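Subject: Structure handover

Hello,

The structure is below for you to take over. My notes on it follow, ordered by topic.

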Amino acid sequence: MKLYRFLTGSDDSGFCHKVTAALNKGWALHGSPTYAFDAASGTMRCGQAVVKEVEGKDYAPEMKLGEQ
């Protein structure tokens, strides 16, 4: 099965660590990162899509994607 996640966070090292952790768990970057101003909080926000192939499992909507 192929999985997709969209990681988001504030523009700080925490976001970089979140993406790095996903990469080290077998996820791969998908597309370009996004960067936008969040007017409600007055901060910059980042986003990055990641994908992963998992053999021997079938997708189910209740599965926690980050744990695969």
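In these notes, contact means heavy atoms within 4.5 Å. By that rule, and leaving aside neighbours within four places in sequence, valine 19 is in contact with Leu7, Leu29 and Gln48.

This is a predicted model, in which local features need pLDDT of at least 70 and side-chain atom pairs count only at pLDDT 80 or more, while totals for chains, interfaces and linings use all residues. Residues are numbered from 1 along each chain as its sequence is written, and side-chain values use heavy atoms, with hydrogens and water left out.

Overall layout

The protein has one helix and three strands, where helices (H or I, at least four residues) and strands (E, at least two) are DSSP runs numbered from the N terminus. Along the sequence the pattern reads β-α-β-β. The C-alpha trace spans about 45 × 25 × 20 Å along its principal axes. Of the contacts between residues at least 6 apart in sequence, 59% join residues at least 24 apart.

For accessibility, buried means under 20% relative accessible area, exposed over 50%, and partly exposed in between (1.4 Å probe, protein chains only). On that scale 28% of the 68 residues count as buried.

Strand pairing

Two strands are taken to pair if DSSP finds at least two bridges between them. β3 pairs with β1 through nine bridges, and the two run antiparallel; in this pairing cysteine 46 of β3 is the bridge partner of glycine 9. β2 and β3 also run antiparallel, joined by eight bridges. Alanine 28 has valine 51 in β3 as its bridge partner, and threonine 34 stands opposite glycine 47 in β3.

β2 and β3 form a hairpin with four residues between them, and glycine 42 in the turn has a positive phi of about 70°. Strand β2 (residues 28-38) is hardly covered, since zero of its eleven residues are buried.

Methionine 44 is in strand β3 and counts as partly exposed because its relative accessibility is 28%. Not counting residues up to four places away in sequence, methionine 44 touches Gly9, Ser10, Asp11, Tyr35, Ala36 and Phe37. Aspartate 11 is 33 residues from methionine 44 in sequence, but the two are 5.5 Å apart in space, C-alpha to C-alpha.

Nonpolar core

A nonpolar core is a set of buried Ala, Val, Leu, Ile, Met, Phe, Trp, Tyr and Cys residues joined through side-chain atoms within 4.5 Å. The largest one here has eleven residues: Met1, Leu3, Leu7, Phe15, Val19, Ala22, Trp27, Cys46, Val50, Val54 and Met63. The elements that give two or more residues to this core are β1 (2-10), α1 (13-24) and β3. Helix α1 gives the most, with three residues.

Lysine 52 and glutamine 68

Which side chain of opposite charge is nearest to lysine 52? It is glutamate 53, 11 Å away; lysine 52 is buried yet has no salt bridge. Here Lys and Arg count as positive and Asp and Glu as negative, with His and the chain ends not counted, and a salt bridge is a side-chain nitrogen of Lys or Arg within 4 Å of a carboxyl oxygen of Asp or Glu.

Lysine 52 is in strand β3 (residues 43-53). A polar atom of the lysine 52 side chain lies 2.8 Å from the backbone oxygen of lysine 25. Leaving aside neighbours within four places in sequence, the residues in contact with lysine 52 are Met1, Lys2, Leu3, Lys25, Gly26, Trp27 and Gln68.

Glutamine 68 is found in the segment after β3 and counts as buried because its relative accessibility is 19%. With the same neighbours left aside, the contacts of glutamine 68 are Met1, Leu3, Trp27, Lys52, Val54, Lys57 and Met63.

Asparagine 24

Asparagine 24 is in helix α1. Is asparagine 24 buried or exposed? At 65% relative accessibility, asparagine 24 counts as exposed. The side chain of asparagine 24 reaches the backbone oxygen of threonine 20 at 2.8 Å.

Regards

Methods. A polar contact is a pair of N or O atoms within 3.5 Å; within protein, one must be able to donate a hydrogen and the other to accept it, and residues adjacent in sequence count only if both atoms are side-chain atoms.
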